[in-house]
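You asked for a colleague's reading of this model before you take it to the bench. The points below are numbered so that each can be checked against the structure on its own.

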Amino acid sequence: MRTERERPPRLEALEPRIFLSAVDTYAHEMSGSVKTSYFSLKNFDEGSWEFTDGRLYVDVVGTTSRSSLKIGKGVALGDVFIDGDLKSFSASKSDVKGVVDVIGHVKSVKLEDILDNAGVELESADKVSLKGGIDGGVLFINDGYTKSLSIGGSVRNESQIDIYRFGSVKIKGSLMNSDLSSETDGVGTSLSVGSVQGSDLGRFVSYSIKGSLIDSTVILHSFVKKFSVSGNVQSTNIFGD
């Protein structure tokens with residue numbers, strides 16, 4: 001487990017992670033379990049929530065591996081703080097417009113889009129999927145092993161993905177002017193992406209680029225077993241280590 005981590009500038013506001021009490025942080029108090037038109041949450045100690053300015057805000061402590069958080073269709077996420085583990089974080093039809101911060105392990109995370117200047121930070125997660133993409137936002141997974149990351153759209157506009165240790169990464173759309181990396185210089189099993197322009201591809205055993213590779217630098221380390229590009233390669237340097 002990591003004891004220290006330098007948090008990138010966009011999430012510095014989350015430091016320090018101190019949860020003295022979640023009660024009274026927002027307008028509506030809750031405990032045990034709750035179900036509203038905006039979200040439902042099972043198995044937790046205490047917390048509070050409110051829906052304002054078109055966004056949902058939640059602050060909860062004491063969730064466990066049996067806890068499930070489900071966000072309603074079309075409900076945009078403001079700031080969501082969870083102190084504890086989660087079985088699932090289901091928000092596949094909700095955009096992240098604030099900061100989602102989970103201090104614990106999450107087995108499954110499903111989101112729509114992570115928008116400009118928004119961020120998602122997880123202590124650890126088994127599987128993460130975005131129905132949409134990341135547009136100027138950030139996704140950090142601080143510890144553990146993430147088996148898979150699946151993104152249905154594109155990652156663009158100086159977005160950043162940093163995963164402690166990871167398996168497969170699939171980006172159906174483009175990776176444009178953004179970074180995909182591991183703070184530990186970990187090696188993922190495979191990367192599949194639609195096209196790449198001006199981006200850091202990270203370190204993988206297998207690369208499959210379905211479209212073009214433009215204005216990028218690629219280092220093919222000795223552990224790389226496959227590197228394929230189906231489209232054009234332009235203004236790109238490819239080196240071996």
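1. Exposure classes come up throughout, and one definition is needed at the outset: a residue is called exposed when its relative accessible area is over 50%, buried when that area is under 20%, and partly exposed in between. Please also keep in mind that this is a predicted model. By that cut-off Glu158, with a relative accessible area of 58%, is exposed.

2. Glu158 also deserves a look for its backbone, since it has a positive phi of about 60 degrees although it is not a glycine. The residue is found in the loop between S12 and strand S13, the latter covering residues 160–163. A second residue to check in this respect is Ser235, where phi is again positive, at about 50 degrees, and which is likewise not a glycine. Ser235 is found in the loop between strand S21 (233–234) and strand S22 (237–240), and its relative accessible area of 63% makes it exposed.

3. How many salt bridges does a search of the whole structure find? The search finds 1 salt bridge, and it is formed by Asp135 with Arg156, whose closest N and O atoms are 3.6 Å apart. The pair links distant parts of the chain, with Asp135 in strand S9 (residues 134–135) and Arg156 in strand S12 (residues 155–156), 21 residues apart. As for exposure, Asp135 is partly exposed with a relative accessible area of 25%, and Arg156, at 39% relative accessibility, counts as partly exposed too.

4. Turning to charge on the surface, a positive patch is formed by Lys35, Lys42, Lys70, Lys73, Lys87, Lys93, Lys107 and Lys131. One of these residues, Lys35, has its place in strand S1, which covers residues 28–35. Lys35 reaches 75% relative accessibility and therefore counts as exposed.

5. The aromatic residues need a somewhat longer comment, as the structure holds 7 aromatic pairs. In one of them, the rings of Phe166 and Phe204 have their centres 5.1 Å apart and their planes at 50 degrees, so this pair is tilted. The pair links distant parts of the chain, given that Phe166 lies in strand S14 (residues 166–176) and Phe204 in strand S17 (residues 204–209), 38 residues apart. Are these two side chains buried or exposed? Phe166 is buried, with a relative accessible area of 5%, and Phe204 is buried, with a relative accessible area of 0%.

6. Phe204 takes part in a further pair, this time with Tyr207, and here the arrangement is edge-to-face, with 5.8 Å from centre to centre and 80 degrees between the planes. Tyr207 counts as buried, at 1% relative accessibility. Elsewhere in the model, ring pairs link Tyr38, Phe39, Trp49 and Phe51 into a cluster.

7. Some separations along the chain can be set beside the corresponding separations in space. Thr64 has its place in the loop between strand S3 (55–63) and strand S4 (68–71), and at 30% relative accessibility Thr64 counts as partly exposed. The C-alpha atoms of Thr64 and Thr36 are separated by 20 Å, with their positions 28 residues apart along the chain. Leu111 lies in strand S7, which covers residues 99–111, and counts as buried at 3% relative accessibility. Leu111 and Ser37 are 74 residues apart in sequence, whereas in space they are 18 Å apart, C-alpha to C-alpha.

8. Ile114 is found in the loop between S7 and strand S8 (119–130). Is this loop residue buried or exposed? At 0% relative accessibility, Ile114 counts as buried. The C-alpha atoms of Ile114 and Gly136, which are 22 residues apart along the chain, are separated by 7.9 Å.

Key: Residues numbered from 1 in each chain as written. Predicted model: local features only at pLDDT ≥ 70, side-chain atom pairs only at ≥ 80, totals over all residues. Heavy atoms only, no water. Patch = residues over 30% accessible without salt bridge, like charges linked within 9 Å, V, L, I, M, F, W, Y side chains within 5 Å. Areas by Shrake-Rupley, 256 points an atom, 1.4 Å probe, with all protein chains shown as cover. Salt bridge = Lys/Arg side-chain N within 4 Å of Asp/Glu carboxyl O. Lys, Arg positive; Asp, Glu negative; His and termini not counted. Charge placed at Lys NZ, Arg CZ, Asp CG, Glu CD. Helix = DSSP H or I, 4+ residues; strand = E, 2+ residues; numbered from the N terminus. Buried < 20%, exposed > 50% of the residue type's maximum accessible area, 1.4 Å probe, protein only. Phe/Tyr/Trp six-rings, centres within 6.5 Å; stacked < 30°, edge-to-face > 60°.
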